[in-house]
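Hi there,

Here is the structure I promised to pass along. Have a look at it first, and my notes are underneath.

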Amino acid sequence: MVRKDLALLVAQLTRIGIDDLALTTNAMQLAAAAGRLAQAGLKRVNVSCDSLRSERFESIRRRGNLATVLRAMDVAEEVGLTPLK
């Protein structure tokens, strides 16, 4: 997700015949990029979520918050990045 042209890379990979692309992410920036990634050819995402308890999540991760990850999962499903793990 830190690569500025990730959607372009995904599009290039699908153009050369890789038709089942998946991404593993901590989802901190996924909500903003999910639509572009899906349009580029990304098929599914695997989201690393350390806990579903907010306080435990924050103590493990030390930055970011659970709400951001859960929202990103919702957006990923809305744009068709499924199955979502």
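Below is what I found, taken helix by helix and then through a few single residues.

Please keep in mind that this is a predicted model.

Let me start with helix α4, which covers residues 66–78. Counting 1.5 Å for each residue, its 13 residues should span 18 Å, and the C-alpha atoms at the two ends are 19 Å apart, so the expected and modelled spans agree. At the N-terminal end, N65 acts as the cap: one of its side-chain oxygens sits 3.2 Å from the backbone nitrogen of A67.

Which residues of α4 are buried? They are L66, V69, A72, M73, V75 and A76. In an α-helix there are 3.6 residues to a turn, so residues three or four places apart point the same way. You may want to keep that in mind when you look at the list on screen. The cover over these buried residues includes α2 (30–40), β2 (42–47) and α3 (54–61).

Past the end of α4, two backbone features are worth a look. Just after the helix, G80 has a positive phi of about 95°. The segment after α4 also holds P83, and the peptide bond joining T82 to P83 is cis, with omega about 0°. As background, most peptide bonds are trans, and most residues other than glycine have a negative phi.

That brings me to two residues that are not glycine but still have a positive phi. A27, in the loop between β1 (21–25) and α2, has a phi of about 75°. R62, in the loop between α3 and α4, has a phi near 70°. Are they buried or exposed? A27 is buried, with a relative accessible area of 0%, whereas R62 is exposed, at 74%.

Next, the pair α1 and α2. Helix α1 is made up of residues 6–15. Two packed helices are described by the angle between their axes and the distance between the axes. Here the axes of α1 and α2 come within 8 Å and cross at roughly 15°. Angles under 35 degrees count as roughly parallel, and α1 and α2 are therefore roughly parallel to each other. The crossing is right-handed. On the α1 side the contact is made by L6, A7, V10, A11 and T14, and on the α2 side by R36, L37 and A40.

Finally, two residues you could click on to get your bearings:

- T25 is part of strand β1. Buried means under 20% relative accessible area, so T25, at 7%, counts as buried. Leaving aside residues up to four places away in sequence, T25 touches M1, L30, N46, V47 and S48.
- E58 belongs to helix α3 and is partly exposed, with a relative accessible area of 37%. With residues up to four places away in sequence set aside, E58 touches G64 and N65; N65 is the residue that caps α4. From E58 to K43 there are 15 residues in sequence and 29 Å in space, C-alpha to C-alpha.

Happy to go through any of this with you whenever it suits.

Best wishes

Note on methods:
Residues are numbered from 1 along each chain as its sequence is written. This is a predicted model: local features need pLDDT of at least 70, side-chain atom pairs count only at pLDDT 80 or more; totals for chains, interfaces and linings use all residues. Side-chain values use heavy atoms; hydrogens and water are left out. Helices (H or I, at least four residues) and strands (E, at least two) are DSSP runs, numbered from the N terminus. The expected span of a helix is 1.5 Å times one less than its number of residues. Buried means under 20% relative accessible area, exposed over 50%, partly exposed in between (1.4 Å probe, protein chains only). Contact means heavy atoms within 4.5 Å. A polar contact is a pair of N or O atoms within 3.5 Å; within protein, one must be able to donate a hydrogen and the other to accept it, and residues adjacent in sequence count only if both atoms are side-chain atoms. Axes are lines fitted to C-alpha atoms, for helices over the stretch in contact, and angles run from 0 to 180 degrees between N-to-C directions. Angles under 35 degrees count as roughly parallel, over 145 as roughly antiparallel, 65 to 115 as roughly perpendicular and the rest as oblique. A crossing is left-handed if the near helix is turned anticlockwise from the far one by less than a right angle, and right-handed if clockwise.
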